[in-house]
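Here are a few short exercises to help you find your way around. Try each one yourself, then read the solution.

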Amino acid sequence: MDKKSMRNLAVLAAVLVAACLVYVIIIRVSAASEAREASESEAASEAARIFVTDMTDADHLEINTGEETLSFTKTDDTWYYDEDENFPVNQDDIQTVADAASKLEATRELTGGDALEDYGFTEDNEISLTVSNADGDSVTLQYGSDVNEEYYLKTADSDTVYTVDTSLYNAISGMTLYDFVQMETLPTSTVDGIERVEVTLDGETYSFEKPEEEETEAETESETAAEESSEDAAETEEETETETESPEEEAFSNLSAAIPGMSIEACINYYVTDDELADYGLDNPYMTLEYTFTNSDDETQTQVLYIGDKFTGDDDSEYYYIQLDGSNAVNSISAGSVDGLIGYVEESIE
């Protein structure tokens, strides 16, 4: 290759390197520009958000649900009902309300609008919520009428009207104290995990034990080999026999299958007194159910339930009053689930 060709090749290489450098610079500048634009857009979007409240560490709520006024206070990370600390507050539900009220975002801020009455802020519309914290911050949120699947809202100390989504309104409107109760639950059990069931009915106690497990396959094969000749002789007779459970075994099978499906429907009285037990038929329970089972931790656990009077609920369905052993609460349970247990017991003694 002559000197001229080599010089031209060097020039072309230099041009290529320069082009690559320019390309890299352009890419980096473009990426930086896009990142800056995205950051500016995000900042602008964040700045455009409208917050009616912006409070931290809320520790007091006063809720006018339209049905009643409920007041809750948070002490040592636990919410309590101000009127009675025995009330089992559903911590998640109340904390959700507190969080939503503490930093409530609006979709719009209305300016130059109509009179407050036109937005539904009247004496007849009582849905409101006051949220406070230990720093002395406090704000009262007042709801107006609904509009396009949102609600008008203002604070008590301002006439500025906002529109907000329905989530917080739905969490408090029409609620009663028992909508914020921490429901008791029956322990989780499985059909195979239940070992023993005892039912006391009309003063009589009936016990049902889980049948002993059948012999393992290895044991069966060993016995089969040792007794093959005698089994062959009795084969015809065995084929004509039908294996059946005893009434007690059948009752246990049915009871152990039904118990895991039982569940508490509602809390009726969160702190019943001894004098009030008779109101629910629990001073002398109609039925007592005790069952022993192996829980998920492979531990043996026993649950005792006291079943009182049957009653008809607001939904026209029938229920029984029920109390868990050691609990101060009276709950309801579907009458069908209890009547089914009674039927299995009665079938075993017929």
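**Exercise 1.** Does Gln303 count as buried or exposed, and why?

Before you start: this is a predicted model, where local features need pLDDT of at least 70, side-chain atom pairs count only at pLDDT 80 or more, and totals for chains, interfaces and linings use all residues. Residues are numbered from 1 along each chain as its sequence is written, and side-chain values use heavy atoms, with hydrogens and water left out.

*Solution.* Start with the cut-offs: buried is under 20% relative accessible area, exposed is over 50%, and partly exposed is in between, using a 1.4 Å probe and protein chains only. Gln303 has a relative accessibility of 11%, so it counts as buried.

Next, place Gln303: it's in strand β15, residues 300–312. (Helices, H or I of at least four residues, and strands, E of at least two, are DSSP runs numbered from the N terminus.)

Finally, look at its company. Contact means heavy atoms within 4.5 Å. Skipping neighbours within four places in sequence, Gln303 touches Pro187, Leu289, Glu290, Tyr291, Phe293, Leu324 and Asp325.

**Exercise 2.** Find out how the rings of Phe87 and Tyr270 are arranged, and which parts the pair ties together.

*Solution.* First, the rule: rings of Phe, Tyr and Trp (its six-membered ring) pair if their centres lie within 6.5 Å; planes under 30 degrees apart are stacked, over 60 edge-to-face, and the rest tilted. That gives 15 aromatic pairs. As a warm-up, Tyr81 and Phe87 have ring centres 5.6 Å apart and planes at 65°, so they're edge-to-face.

Now the pair itself: Phe87 and Tyr270 have ring centres 4.9 Å apart and planes at 85°, so this pair is edge-to-face. Phe87 lies in the loop between β4 (78–81) and α2 (91–102), and Tyr270 in the loop between β13 (264–269) and β14 (287–294), so the pair ties together parts 183 residues apart in sequence. Both residues are buried.

Then zoom out: ring pairs link Phe72, Tyr81, Phe87, Tyr178, Phe180 and Tyr270 into a cluster.

**Exercise 3.** Work out where the buried residues of α6 fall around the helix axis.

*Solution.* List them first: Ala251, Phe252, Leu255 and Ser256. Seen down the axis, they fall within an arc of 125° (taken from the directions from the helix axis to the C-beta atoms), so they line one face of α6.

Last, see what covers these residues: the cover includes β11 (194–201), β12 (204–209) and α7 (335–349).
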